[in-house]
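Open your viewer and load the model. We will go stop by stop, with something to select each time.

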Amino acid sequence: MTFGGEPLLYPEIVYVIHKEATMVGIPFREVITNGFWSKRIEEIQETASNLVNSGVNEIYISVDCFHQELVPLDIVKKAVKSLLKAGMEQISLSPCWVISENNNNIYNKKTKAILKELNDLPIESSEGNVMQPKGRAIFWLGDYLPPKTEIPKGNCGDIPYTEHLDSVNSVFIEPDGRVAVCEDFHIGNAFETDILDIIKTYDPFKIPVAKAIIENGMNGLIAWARSKYVEPDPEGYYNICHMCTDIRRRANSA
């Protein structure tokens, strides 16, 4: 899967990635995009054809009240129609929900109205995502986030896009080559070491912070951080990922 930001700001790189993935037999070759590749229909159609020809077989188009602040729906419709004409196997709309899809807040109302405008397209909506407490969401949407707690409950794998550190099924490769098993949890750099070697030699029990989290959860993370003279934020955290990324970043820069 290639995603961003917006991966199709650099379409040639996306094509190369998926051509290679096709050649080595990776069965699911997905792209998440906002669908705004150009204002010119000829360029939109060319991008759609190139995605299909490069081997992409599933497209998720981000559509919600946040994306549609800047991405016109008529452009999204042209992108979808061009993908269908080019023969894309699977196309889904992928909204971002605030709190949950069923919560009747102003943002979800706007998103549902936007999705309704796309009902004439012969594609379906995926479950999408739920807003997470990170980035600008913390600043602008703080009223819709759960209360902070000193030590949030839960384990790796409970939050979307996370897995237990001793049972990893996917990795993230950053543009600078860093390989991550979770957000900012880097285990090597593909520019320096063959990625297969990075994956084969990954042993979380040899990484002190990973071992601490696996064995004792967030309490283990706190104990590891204190060994580096780093204390948890006294204001608390929204969830375990919010806590883990904050503590690791501060500990690693200490």
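How much area does the chain expose, and what share of it do carbon and sulfur atoms supply? The exposed area is about 15,000 Å², and carbon and sulfur atoms supply 52% of it. Keep in mind that this is a predicted model.

**Stop 1: the whole chain**

Show the cartoon. You should find eight helices and nine strands. Now show the C-alpha trace. Along its principal axes it spans about 60 × 45 × 25 Å. The chain has 254 residues, and 41% of them are buried. Next, think about contacts between residues with a separation of 6 or more. Of these, 63% join residues 24 or more positions apart.

Colour by charge. There are 25 positive and 35 negative charges in the chain. How far apart are their mean positions? The answer is 4 Å.

**Stop 2: the start of the chain**

Select G4 and G5. The peptide bond between them is cis, with omega near 10°. G5 sits in the segment before α1.

Move on to E6, which is also found in the segment before α1. Is E6 buried or exposed? E6 counts as buried, because its relative accessibility is 14% and the cut-off for buried is under 20%. Show what E6 touches. Beyond its neighbours within four places in sequence, E6 is in contact with T33, N34 and W37. Then add S82. E6 and S82 are 76 residues apart along the chain, and their C-alpha atoms are separated by 18 Å.

**Stop 3: helix α1**

Select residues 11-23. This is α1, with 13 residues. From first C-alpha to last, α1 reaches 18 Å, close to the 18 Å expected at 1.5 Å a residue.

Which residues of α1 are buried? They are V14, Y15, H18 and A21. These residues lie on the same side of α1, because they cover an arc of only 130° around the axis. Turn the helix to the face away from its buried side. There you meet the exposed residues E12, I13, V16 and M23. Turn back to see the cover. β1 (30-33) and α2 are included in what covers the buried residues of α1. Step past the end of the helix to G25. G25 follows α1 and has a positive phi, near 85°.

**Stop 4: helix α2**

Select residues 41-54, which form α2. Its 14 residues reach 20 Å from first C-alpha to last, close to the 20 Å expected at 1.5 Å a residue.

Highlight I44, T47, A48, L51 and S54, the buried residues of α2. Why are they on the same side of α2? They cover an arc of only 140° around the axis, so they share one side of α2. Among the elements covering them are α1 (11-23), β2 (58-62) and α3 (73-86). G55 comes after α2, and its phi is positive, near 110°.

**Stop 5: two positive phi values**

Select I99. It is not a glycine, yet its phi is positive, near 75°. I99 is found in the loop between β4 (96-97) and α4 (106-117). Its relative accessible area is 40%, so I99 is partly exposed.

Finish at Y161. Y161 is not a glycine either, and its phi is positive at about 70°. Find Y161 in the loop between α5 (136-140) and β7 (172-173). Is Y161 buried or exposed? Y161 counts as exposed, because its relative accessibility is 56%.

How values were computed: Residues numbered from 1 in each chain as written. Predicted model: local features only at pLDDT ≥ 70, side-chain atom pairs only at ≥ 80, totals over all residues. Heavy atoms only, no water. Helix = DSSP H or I, 4+ residues; strand = E, 2+ residues; numbered from the N terminus. Buried < 20%, exposed > 50% of the residue type's maximum accessible area, 1.4 Å probe, protein only. Contact = heavy atoms within 4.5 Å. Areas by Shrake-Rupley, 256 points an atom, 1.4 Å probe, with all protein chains shown as cover. Lys, Arg positive; Asp, Glu negative; His and termini not counted. Charge placed at Lys NZ, Arg CZ, Asp CG, Glu CD. Expected span 1.5 Å × (residues − 1). Arc of directions from axis to C-beta.
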